[in-house]
Amino acid sequence: MKFETMATQGFLDFKKQNNSISMPIYATTAYNFNSVEHAIDLFDLKVAGDIYTRISNPSNDITEKRIAALEGGVGALVTSSGMSAILITILNLAQQGDEIVTSSKIYGGTYNLFNKTFKQMGINVKFINSDNLENYEQAITDKTKCIYAETIGNPKIKIADISGLAEIAHKNGIPLIIDNTVATPYLCRPFEFGADIVVHSTTKYLSGHGNAMGGAIVDSGKFDWTQNDKFKMFTTPDESYHGVIYTKEFGNAAFIAKSRTHLLRDLGCCQSPFNSYLTLLGLETLHVRMDRHCENALTLAKHLEAHPNINYVIYPLLQNNEDYALAQKYLKKGASSLLGFGVNGDGTKFIEALKLFIHATNLGDVRSIITYPAGTTHRQLSDSQLLDAGITKDFMRASVGLENIEDIIEDIDNAIEQSRK
Ligand SMILES: Cc1ncc(COP(=O)(O)O)c(C=O)c1O
């Protein structure tokens, strides 16, 4: 199936679904065992099947298979939020004393998880200036377990050089993890450029309507966990699961199998089947929505570029953007709804004058949303951290929705005018 067909129809099984053409919501916690032997086989991982919804659920299974197929991976796991997907991904391969290398220009929530919670757990995250690939290489030590990056960084809209990062990671025997939330597999499929694991906040474009929290982890199945002795958690017996050795039992799906049977089981951040249903509903129109998001955002970006009271515009597909060449390579179909700009006026007045743009902290919603990072998502950061993240006081981040583009432009123009009064 091509992308659009997979997005709308993938993995529906009408016979299993009583001929319902929409995905059924399996609102159940537990599953009947056919016999004691069946229960034993399920617990011993000898047969596939559901035991308890904290670990798997038939509704979630459809959403997982479709997301995995859209990314081109061997398997996926849906979780309660994007943050829990990132948490499980990192804890699946790193423990106390280990290190991770990432950019200082990543999503503020991830920054806090890495900088505070992981620090408390003894996992040291090195934040580097990602303008130069060599900085990643220099930060890697024997203890480093992965490189972590965002395809399109939130909120500063920096593009990751995925193939360059993959080369550095693989040279050092570690995987590249990519947060593909903002690009979505419709605009970029990181596995095609060498990434090993992809994470998503499905809260954003994949569900698409601002109504369902969720996350996903996708395994490319390409990373060889046995190539060195850095990843013993995959190659030695897991006592908490009858001594299973993940690479032996699950082959190239070891990463995703361990994330479910070990960490989803223990941490409990599973996705509600109802949210899986909403996410699948969103996936069915992903390609159509993304095209319009990209078209509206590029039109607004070009309009703002020519506006006398705008200090700067950040949109990767503007020719003078510093990441234009990277965007041409990785984002051939468009650069998402995310657009940044600096207003030459009073920021608060600007936000308050907007009528159509909703002032909220989200992106990838069908509705246009404006965020003021210095005052909201990045409020916890110190002045020097803000500087590292490239956030200035005039910086606005828009997620351009699917409304009529003339209405969108009129709303922004009016707010700029008001901000200068
Ligand atoms: C790039 C990125 N990754 C992860 C997250 C976290 O996702 P969630 O809010 O679903 O936990 C966000 C949220 O804004 C995000 O923008």
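Q: Which helices each supply at least two residues of the lining of the largest cavity?
A: They are α3 (58-71) and α11 (254-267). Keep in mind that this is a predicted model.

Q: Where is empty space left, and how many cavities of 30 Å³ or more does the structure hold?
A: Start with the general idea. Rolling a probe the size of a water molecule over the atoms shows where empty space is left. In this structure there is 1 cavity of 30 Å³ or more. The largest cavity holds about 50 Å³ of space.

Q: Which residues line the largest cavity?
A: Its lining includes T53, R54, I55, S56 and N57. N60, E64, V78, R260, L264, C270 and Q271 also line the largest cavity. By class, that lining has 4 nonpolar, 5 polar and 3 charged residues.

Q: Where does the ligand sit?
A: In the second largest pocket. The shell around the ligand has 15 residues. The closest are G82, N154, D179, S201 and T203.

Q: Which helix gives the largest share of the shell around the ligand?
A: Helix α4 (residues 82-93), with 3 residues. By class, the shell divides into 5 nonpolar, 7 polar and 3 charged residues.

Q: What polar atoms lie by the ligand at D179, T203 and G82?
A: Take the side chains, then the backbone. A polar side-chain atom of D179 lies 2.6 Å from a ligand nitrogen atom. For T203, a polar side-chain atom lies 2.6 Å from an oxygen atom of the ligand. G82 uses a backbone N or O atom, 2.9 Å from a ligand oxygen atom.

Q: How much of the ligand's accessible area does the protein cover?
A: On its own, the ligand has 390 Å² of accessible area, and the protein covers 92% of that.

Notes. Residues numbered from 1 in each chain as written. Predicted model: local features only at pLDDT ≥ 70, side-chain atom pairs only at ≥ 80, totals over all residues. Heavy atoms only, no water. 1 Å grid on protein atoms, 1.4 Å probe; cavity = no way out; pocket = protein on both sides within 12 Å on 5 of 7 lines; lining within 4 Å. Points joined across faces, edges and corners; volume = space filled by probe spheres on them. Helix = DSSP H or I, 4+ residues; strand = E, 2+ residues; numbered from the N terminus. Nonpolar A, V, L, I, M, F, W, Y, C, P; charged D, E, K, R; others polar. Near = heavy atom within 4 Å. Polar contact = N/O pair within 3.5 Å; in protein donor to acceptor, adjacent residues only side chain to side chain. Areas by Shrake-Rupley, 256 points an atom, 1.4 Å probe, with all protein chains shown as cover. Sits in = over half its atoms within 2 Å of the grid points.
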